[in-house]
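Me: I'd like to go through this one label by label. Could you tell me what backs each of them up?

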Amino acid sequence: SLCWALHPLGSEAVIWLSGRFDALVVFFVIAGLFVNTHTRRAALFPLCLALALLTKEVGIVLFPAIVLADVMQHGGLRASMKSERVKWGASLMVVVFYLALRRGLGIYGASDVLFGIAPSVFLSGLADLSITYARLTAFPVDLDVHHWSIHRSLATGVFVLVIYFIVFAASIAYAWRRKSGIVVAACTLICLSLALASNVGPSQHVFGDRFWALSGIGIILALGEALEKRMPIRRIFIS
């Protein structure tokens, strides 16, 4: 947690005045993950989701992450529907109301970002975010408020997308065998948060470090699972 909080990719956005909502959306996403682990507190999850969405649109990825985590935890869709249908229904109403509110106010919605882009722009943005964030995470030098986006080749974008698909599929297989949804939730946060961000940068020719926040949470969740189980990290994705 200290590593994530003190990492320049996270602290740079917080130091930037308008980056306060990034810290808030991280707080509400973590709160949603926390209450979902307690049966009596799970009813608070729709509230955490609503607060995350009202803080920043990327908070929408928390909903599919929790749904997949619940399915893995209960060992199937039917059992999870029986136990979590009220929470899921309330959360879905929150998401629908949020998107309708943004549409009514004329604000560019998360659904537009995800579905209203050209495949070439999406693939180029996804590859650019992935490559640049990987470099900055390992070598956080020469940071500024916005890093200029580079138009990557479609071949690179397809390669990155395939890697994400393999990691996501492997996380589902791992979680299914062990009835533990934390890994699939982590990979959902990583993949979908970058998918939403992949159009923002290329469409505006810049992208900020703030989209790293939810991906960083996903990475920490996966590493935490590996350490808790005392397993080599590589076995999470290949065992």
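Reply: Here are the labels, each set against its cut-off.

This is a predicted model, where local features need pLDDT of at least 70, side-chain atom pairs count only at pLDDT 80 or more, and totals for chains, interfaces and linings use all residues. Residues are numbered from 1 along each chain as its sequence is written, and side-chain values use heavy atoms, with hydrogens and water left out.

Me: What makes up the secondary structure, and what counts as a helix or a strand?

Reply: There are twelve helices and two strands, in the order α-α-α-α-α-α-α-α-β-α-α-β-α-α. Helices (H or I, at least four residues) and strands (E, at least two) are DSSP runs, numbered from the N terminus.

Me: How do you know that the span of helix 9 agrees with its number of residues?

Reply: The expected span is 1.5 Å times one less than the number of residues. Helix 9 has 25 residues and should therefore span 36 Å; its end C-alpha atoms are 36 Å apart, so the two agree. K179 follows helix 9, with a positive phi near 50 degrees.

Me: Why is S91 called buried?

Reply: Buried means under 20% relative accessible area, exposed over 50%, and partly exposed in between (1.4 Å probe, protein chains only). S91 has 0% relative accessibility, so it counts as buried. This serine is found in helix 6 (residues 77–104) and touches F45, P46, L49 and F63, leaving aside residues up to four places away in sequence. Contact here means heavy atoms within 4.5 Å.

Me: And what makes V29 buried?

Reply: V29 is at 0% relative accessible area, so buried is the right word. V29 sits in helix 3 (residues 20–35) and touches A52, L62, L214 and I217, again not counting residues up to four places away in sequence.

Me: Why is I166 called partly exposed?

Reply: Its relative accessible area is 48%, so I166 gets the in-between label. I166 lies in helix 9 (residues 154–178) and belongs to a nonpolar surface patch with V158, F159, V162, I163 and F165, about 590 Å² of accessible area together. Patches take residues with over 30% relative accessible area and no salt bridge, joining like charges within 9 Å and nonpolar side chains (Val, Leu, Ile, Met, Phe, Trp, Tyr) within 5 Å. The areas come from the Shrake-Rupley method with a 1.4 Å probe, and for residues only the protein chains shown count as cover.

Me: Why do C187 and C191 not make a disulfide?

Reply: A disulfide is a pair of cysteine sulfur atoms within 2.5 Å. The sulfur of C191 is 6.0 Å from that of C187, so they're too far apart for a bond. The count is zero disulfides. Both cysteines are buried anyway: C187 is at 3% relative accessibility, and C191 is at 13%.

Me: What makes D70 and K87 a salt bridge?

Reply: The rule asks for a side-chain nitrogen of Lys or Arg within 4 Å of a carboxyl oxygen of Asp or Glu. D70 and K87 meet at 2.7 Å, N to O, and that passes. The pair links D70 in helix 5 with K87 in helix 6, 17 residues apart.

Me: How do you know that R102 and E57 qualify?

Reply: Their N to O distance is 3.9 Å, and they count as a salt bridge. R102 is buried at 13% relative accessible area, whereas E57 is partly exposed at 28%.
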